[in-house]
Amino acid sequence: APQKRLERTAIGFSPLRRAALAVVQVPTDFNMDSEAALLIANFQGVELRMQKITGLATDLCTPESYLPARKNVRDAAEALNVNNYCSVVGLACTSMSFTLGPEIVDAELKIAHPKAKPVDMARSQVKAIRTLGCTVIGLVTPYIDAFHNNNINMLESGGDVTVASSVNLGLVKDEWTSMVDQQTITDAVKEVIRMADTPLDAVVLGCSAFRVCVPGYISELETETGVSIVTSTQAFYWNCLRTGGVEDQIDGYGRLFQEF
């Protein structure tokens with residue numbers, strides 16, 4: 001049969017990538033795979049590489065599950081490092097991020113990707129809140145009380161943010177969190193706003209397993225409630241993109257992506 005090898009001069013190549021994001025996540029977060037792909041598709045030339053963290057002791061969202069997991073984070077990140085391809089490397093789990101702490105997270109990610117810039121989901125929440133200029137906020141999480149209170153402490157640790165009211169669902173598994181419907185989350189946001197003794201600047205939806213980082217939902221919730229909305233997944237990928245030098249602004253994912 002006829003066969004021909006093209007000359008190199010006859011081959012067209014796509015432009016070089018603008019940024020490549022290496023993201024490690026817990027295996028029980030069933031929403032981020034689809035949500036992240038939809039979001040990143042808005043940014044031409046940005047590549048997303050994702051890897052599950054394996055070897056966790058249990059599938060429970062508890063400190064006991066996450067505290068021994070630092071090497072698991074490194075191993076997952078190393079699986080994504082081919083020839084220093086990625087410019088940003090991130091841990092995409094809010095509760096694991098604030099349980100391990102920024103020093104451990106950065107140390108493990110930098111071992112795996114020495115030339116990439118490290119980010120995590122917990123610090124992305126804080127960066128998003130500060131960028132929006134918010135100081136008095138509400139918080140909605142699916143967590144058990146201990147994790148919920150740790151999330152509050154993390155948000156308030158810088159001294160410039162006050163969590164004025166909060167609601168938590170007491171769920172111990174990400175699998176259950178992924179099944180919570182949007183109406184329940186919307187109602188929880190409204191309850192947090194109602195409970196607060198002072199007007200809120202923003203409400204944070206903590207945990208990437210919440211199914212909330214979908215086209216239109218965040219912006220519609222902001223319009224309905226009159227406050228800024230920050231979600232874990234939204235803030236994380238906004239931080240990844242901006243850290244990677246991608247400054248495009250898009251609609252549908254809240255003020256954070258539309259204005260900053």
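**Figure 1. Cys207, a buried loop residue with a positive phi.** A residue counts as buried when its relative accessible area is under 20%. In this predicted model, Cys207 has a relative accessible area of 5%, so it is buried. Follow the chain from β7 (202-205) towards α10 (217-225) and you will find Cys207 in the loop between them. Its backbone deserves a look too: phi of Cys207 is near 100°, a positive value in a residue other than glycine. For context, most residues other than glycine have a negative phi.

**Figure 2. Asn83, an exposed loop residue with a positive phi.** Here the view moves to the loop between α3 (70-78) and β3 (88-91), where Asn83 lies. Although Asn83 is not a glycine, its phi is positive, at about 55°. The cut-off for an exposed residue is a relative accessible area over 50%. Asn83 has a value of 75%, and is therefore exposed.

**Figure 3. Asn149 in helix α7.** This close-up shows helix α7, which covers residues 145-156 and includes Asn149. With a relative accessible area of 39%, Asn149 is partly exposed. If you would like a distance to check, take Arg70: its C-alpha is 22 Å from that of Asn149. In sequence, Asn149 and Arg70 are 79 residues apart.

**Figure 4. Tyr237 and its neighbours in the largest nonpolar core.** The largest nonpolar core has 68 residues, and Tyr237 is among those with the most contacts inside it, together with Leu21, Val24, Met96 and Ile137. Leaving aside residues up to four places away in sequence, Tyr237 touches Leu21, Val23, Met32, Ala36, Leu39, Ile40, Leu48, Met50 and Phe257. Another core, of 21 residues, lies apart from the largest one; Val140, Ala188, Leu205 and Ile229 are among its members.

**Figure 5. The whole chain, as a setting for the close-ups.** Stepping back, the chain has 12 helices and eight strands. Its C-alpha trace spans about 75 × 40 × 35 Å along the principal axes. The radius of gyration is 19 Å, which agrees with the value near 18 Å that a compact globule of 260 residues would have. Buried residues make up 52% of the chain. Among contacts with a separation of 6 or more, 79% join residues 24 or more positions apart. At the surface, the chain exposes about 11700 Å², with carbon and sulfur atoms supplying 51% of it. The chain has 22 positive and 30 negative charges, and the mean positions of the two groups are 12 Å apart.

Terms used
Residues numbered from 1 in each chain as written. Predicted model: local features only at pLDDT ≥ 70, side-chain atom pairs only at ≥ 80, totals over all residues. Heavy atoms only, no water. Helix = DSSP H or I, 4+ residues; strand = E, 2+ residues; numbered from the N terminus. Rg over C-alpha atoms; globule rule 2.2 N^0.38 Å. Buried < 20%, exposed > 50% of the residue type's maximum accessible area, 1.4 Å probe, protein only. Contact = heavy atoms within 4.5 Å. Areas by Shrake-Rupley, 256 points an atom, 1.4 Å probe, with all protein chains shown as cover. Lys, Arg positive; Asp, Glu negative; His and termini not counted. Charge placed at Lys NZ, Arg CZ, Asp CG, Glu CD. Core = buried A, V, L, I, M, F, W, Y, C linked by side-chain atoms within 4.5 Å.
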